Amino acid sequence: MRTHWNLFIAFFRVGILGFGGGPASIPLIQKEVVDHYKWMDNEEFGDILALANTLPGPIATKLPGYIGYRVGQTLGMINAVLATIVPTILLMIVLLTTLSQFREFNWVQGMTAAVVPVVGMMMAVLTWQFARKASIGLGWVKTCIFLVLFFIILQILNVHPGILIAVLLILALSLPARKRQRKNKEGEDI
Amino acid sequence: MIYIDIFIAFFIPGILGYGGGPASIPLIENEVVIRYGWMSVQEFSEILALGNSLPGPIATKMAGYIGYEVGGIPGAVVGVFATVAPSLILLIFLGGMLLKYKDSPKVKRLTLFVQPVIAILLGVMAWRFFSESYEGIGIWQTALLVGVSFLLIERFKIHPALIIAGALIYGGFLL
């Protein structure tokens with residue numbers, strides 16, 4: 001019982017303090033799990049982080065889930081994941097349903113209109129970050145060629161991104177690995 | 001069955017979003033706005049803006065709220081489950097096996113190969129937000145908001161939540 005309470009508190013704090021999305025909460029998780037509750041040492045945590053980074057999906061649910069499972073089996077897993085995500089989901093639902101009740105008012109329409117370009121800017125910055133990360137691993141020339149090629153496939157040929165990504169994953173696993181694999185800082189804290 | 005649609009809409013980003021939560025944002029948009037048409041670009045960007053200003057992982061906040069809007073509380077549960085479960089189950093059951101291969105160059109380049117696709121999807125999404133804004137409030141307001149928010153976040157490192165709050169106040173009074 002005590003373990004489950006600790007798991008809940010640890011990941012509740014992570015979820016509610018992790019401003020800036022999943023990657024921002026990795027150091028918070030490390031603090032709770034390694035420094036505070038000593039469920040594992042730093043090395044083990046690093047292994048789990050590297051492992052989680054090789055898989056798709058949000059990092060801030062894979063880590064709590066896996067650590068919760070290690071500490072308290074299936075119930076621990078469910079407990080840790082829910083403690084991380086439920087508080088902010090509830091906050092989202094309450095805030096957005098309140099906002100939509102006032103939608104007819106002019107000032108609310110003004111507010112939402114002003115947010116669109118700001119979010120666009122944030123997405124543009126993320127675009128740049130992903131392109132730069134790709135270029136660290138692939139080099140700029142290859143990255144540019146891929147970007148143009150993928151743009152054509154996705155936007156002009158209208159291929160579903162899932163199909164393109166699936167093909168690339170198969171290629172990544174099946175193409176022979178080059179000897180001169182450039183050392184990159186890939187997967188450190190995506 | 002709406003719940004099956006919700007499941008698929010979030011299962012695909014969950015299983016293909018290499019690069020953590022942010023990588024799944026454009027994949028979620030692709031399903032929710034373009035494929036299923038549950039909401040407009042404007043609504044999606046509002047949800048994203050609020051999601052970015054609140055703490056916690058972004059992908060599950062999007063799944064929880066959009067699932068709730070489309071299918072009530074069961075919809076939220078289905079959306080979150082589809083986002084979290086697939087990769088978590090893989091991690092727990094294949095963990096030991098994956099640990100052996102985590103330094104293999106082939107496994108390491110999984111994320112690398114997918115990154116350019118995510119970059120394109122994010123770029124196209126940014127473009128859609130800009131053109132939506134251009135149609136709504138014109139080029140000058142759009143350029144002003146983009147320029148000022150970029151400087152404040154990237155140059156002066158002000159927290160994005162404060163920028164979103166600032167934009168809301170500006171819009172409430174002046175647009």
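**Figure 1. K157(B) sits in the loop between helix 5 and helix 6 (160-174) of chain B.** Like every view here, this one comes from a predicted model. The backbone is the thing to look at: K157(B) has a phi near 55°, a positive value in a residue other than glycine. As for its surroundings, K157(B) is exposed, with a relative accessible area of 63%. That puts K157(B) in the exposed class because the class starts over 50%.

**Figure 2. Q73(A) also has a positive phi, of about 50°, although it is not a glycine.** Here the setting is helical, as Q73(A) belongs to helix 4 of chain A. Is Q73(A) buried or exposed? At 53% relative accessibility, Q73(A) counts as exposed.

**Figure 3. R13(A) and E32(A) join their side chains in a salt bridge.** The N to O distance is 2.8 Å. This pair ties together distant parts of the chain, with R13(A) in helix 1 (residues 2-17) of chain A and E32(A) in helix 2 (residues 21-36) of chain A. In sequence the partners are 19 residues apart. Their surroundings are worth a look too: R13(A) is partly exposed, with a relative accessible area of 30%, while E32(A) counts as buried at 10% relative accessibility. For context, a search of the whole structure turns up four salt bridges over all chains.

**Figure 4. E44(A) and R70(A) form a salt bridge between two helices of chain A.** Nitrogen and oxygen are 2.4 Å apart in this one. E44(A) comes from helix 3 of chain A and R70(A) from helix 4 of chain A, so to speak a link between distant parts of the chain, 26 residues apart. How accessible is E44(A)? E44(A) is partly exposed, with a relative accessible area of 27%. Across the bridge, R70(A) is partly exposed as well, with a relative accessible area of 36%.

**Figure 5. E31(B) pairs with R35(B) in a salt bridge inside one helix of chain B.** The closest N and O atoms are 2.5 Å apart. Why are E31(B) and R35(B) separated by about one helical turn? Because they are four residues apart in helix 2 (residues 21-35) of chain B. The two ends of the bridge have their own settings: E31(B) counts as buried at 1% relative accessibility, whereas R35(B) counts as partly exposed at 43%. As a rule, side chains of opposite charge can pair when their charged atoms come close.

**Figure 6. T112(A) touches residues from both chains.** Its home is helix 5 (residues 106-138) of chain A. Leaving out residues up to four places away in sequence, T112(A) touches L99(A), Q42(B) and E46(B). Is T112(A) buried or exposed? At 6% relative accessibility, T112(A) counts as buried.

**Figure 7. T111(B) is found in helix 5 (residues 105-155) of chain B.** With a relative accessible area of 5%, T111(B) is buried. Put A9(B) in the frame for scale: T111(B) and A9(B) are 102 residues apart in sequence and 21 Å apart in space, C-alpha to C-alpha.

**Figure 8. A cavity is lined by residues that include some from chain A and some from chain B.** A search of the whole structure finds one cavity of 30 Å³ or more, and the largest cavity has a volume of about 50 Å³. The lining has 10 residues, of which N53(A), L55(A), K62(A), G19(B) and G20(B) lie nearest the cavity centre. Which elements give two or more residues to the lining? They are helix 3 (42-53) and helix 4 (59-101) of chain A. Sorted by class, the lining has four nonpolar, five polar and one charged residues.

**Figure 9. Chain B, pulled back to the whole chain, has six helices and zero strands.** From the N terminus on, the order is α-α-α-α-α-α. The C-alpha atoms fill a box of roughly 55 × 40 × 25 Å, taken along the principal axes. Of the 175 residues of chain B, 57% count as buried. Among contacts in chain B with a separation of 6 or more, residues 24 or more positions apart account for 57%. The accessible surface of chain B comes to about 7100 Å², and 71% of that belongs to carbon and sulfur atoms.

Definitions and conventions:
Residues are numbered from 1 along each chain as its sequence is written. Chains are lettered from A and ligands numbered from 1 in the order in which they are written. This is a predicted model: local features need pLDDT of at least 70, side-chain atom pairs count only at pLDDT 80 or more; totals for chains, interfaces and linings use all residues. Side-chain values use heavy atoms; hydrogens and water are left out. On a 1 Å grid over the protein atoms alone, a cavity is a set of points where a 1.4 Å probe fits but cannot get out, and a pocket is an open set with protein on both sides within 12 Å along at least five of seven lines; lining residues have an atom within 4 Å of a point. Grid points are joined across faces, edges and corners, and a volume is the space filled by probe spheres set on the points. Ala, Val, Leu, Ile, Met, Phe, Trp, Tyr, Cys and Pro count as nonpolar, Asp, Glu, Lys and Arg as charged, and the others, Gly among them, as polar. Buried means under 20% relative accessible area, exposed over 50%, partly exposed in between (1.4 Å probe, protein chains only). Contact means heavy atoms within 4.5 Å. Accessible areas come from the Shrake-Rupley method with a 1.4 Å probe; for residues, only the protein chains shown count as cover.
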